[in-house]
Amino acid sequence: MDVCHKCGNPQIIIKRKQSGQMLCQECFIKFIQEKVLRDIRKQKLVEKGDKVLVALSGGKDSVMLLDILNNLRKRRIIDLVAVTIDEGICGYREEGVEIAAQNAELIGVKHRIVSFKDYIGHTLDEIMADTGDRIACTYCGVFRRWIFNQVAREEGATRIATGHNLDDEAQSIIMNYMEGNIQNLTRIGVKSESSYEGFTVKIKPLREIPERETALYVMARDLPVHLAGCPYAGDSFRAKIRDFLKEISQDHPTIMYSTLRGFDKIKPVLKEEFSRKSSTGVCAECGEPAADKLCKACSFRNQWKRK
């Protein structure tokens, strides 16, 4: 009979494919929390006194991230503020915003809701209706980073924590390899820093947790979570890579870990050879961090002005 490898409980909820380890509900929750907190210490992702802005979408990853970081808040090591961006995706985002608010209220953390409409003047739905040359994820990712960096300064946050999991990170690495985006590869990692004083350090505490385990964690903890998928995600290149990795992981359950480990070994060389130094590091139009004269967000906004 299968039993929990930690306590012998016969009520197991997971057999981890990559290690063969079987765990009951209580031991799984404890294992995940200890793993994430250990990674935070090992990678020095936060320091005592940090104020961490949690990018809280209401989805399983960000809900789990907020729940675990709250352990450090309760021990008075860090302070937290949760921020949800309403991109303006009709019929999808409303429920996520509501669930994000529920999670912040559960633990008594300050919660801000900000929107594409307020910060850039357009919803994502409006952007996609006006443009046909790019997929939604390109615009969404650029503007979300741009807004989070501004809100972090407004809130006095010293870290921005995102819920990127192992699957997300492996997808990003493979996508950029296949597209030859070497500059993007130099920016992938557990911690993103910049010498520009307006840049807030970004951290990914869940980077080594597989997506299926983030889903199981929020279920085991009985946390409210928004499970609907983004309606724009289906056509993306990332979705194709996601499906490919999931399929190959059936026969090779450690493939995403090995993708991550291999990349982390060569990243220092990539960074040394290919990191691009800009003249100022500041966008001439909005003052946000930029690799070129204009940041990507202002480049997009100027394209619309010319139309």
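## Surface patches and an aromatic cluster

A nonpolar patch of about 300 Å² lies on the surface and is made by Y177, M178 and I266. The structure described here is a predicted model, and the points below take up this patch, a patch of charge, a buried residue and a group of aromatic side chains.

**The nonpolar patch and helix α7**

- Y177, one of the residues that make the nonpolar patch, is found in helix α7.
- With a relative accessibility of 39%, Y177 counts as partly exposed, because that term covers values between the limits of 20% for buried and 50% for exposed.
- I173 also lies in helix α7, which spans residues 166–179, but I173 is buried, with a relative accessible area of 0%.
- Although I173 and G198 are 25 residues apart along the chain, it is a separation of 26 Å that lies between their C-alpha atoms.

**The positive patch**

- On the surface, K6, K30, R38, R41, K42 and R75 gather in a patch of positive charge.
- K6, a member of this positive patch, is found in the segment that comes before strand β1, residues 12–15.
- K6 has a relative accessible area of 52% and is therefore exposed, since the term applies to values over 50%.

**The aromatic cluster**

- One aromatic cluster is formed by F116, Y139, F143, W146 and F300.
- Where ring centres within 6.5 Å are taken as a pair, the count comes to 4 aromatic pairs.

Terms used: Residues are numbered from 1 along each chain as its sequence is written. This is a predicted model: local features need pLDDT of at least 70, side-chain atom pairs count only at pLDDT 80 or more; totals for chains, interfaces and linings use all residues. Side-chain values use heavy atoms; hydrogens and water are left out. Rings of Phe, Tyr and Trp (its six-membered ring) pair if their centres lie within 6.5 Å; planes under 30 degrees apart count as stacked, over 60 as edge-to-face and the rest as tilted. Patches are made of residues with over 30% relative accessible area and no salt bridge: like charges are joined within 9 Å, nonpolar side chains (Val, Leu, Ile, Met, Phe, Trp, Tyr) within 5 Å. Accessible areas come from the Shrake-Rupley method with a 1.4 Å probe; for residues, only the protein chains shown count as cover. A salt bridge is a side-chain nitrogen of Lys or Arg within 4 Å of a carboxyl oxygen of Asp or Glu. Lys and Arg count as positive and Asp and Glu as negative; His and the chain ends are not counted. The place of a charge is taken as NZ of Lys, CZ of Arg, CG of Asp or CD of Glu. Helices (H or I, at least four residues) and strands (E, at least two) are DSSP runs, numbered from the N terminus. Buried means under 20% relative accessible area, exposed over 50%, partly exposed in between (1.4 Å probe, protein chains only).
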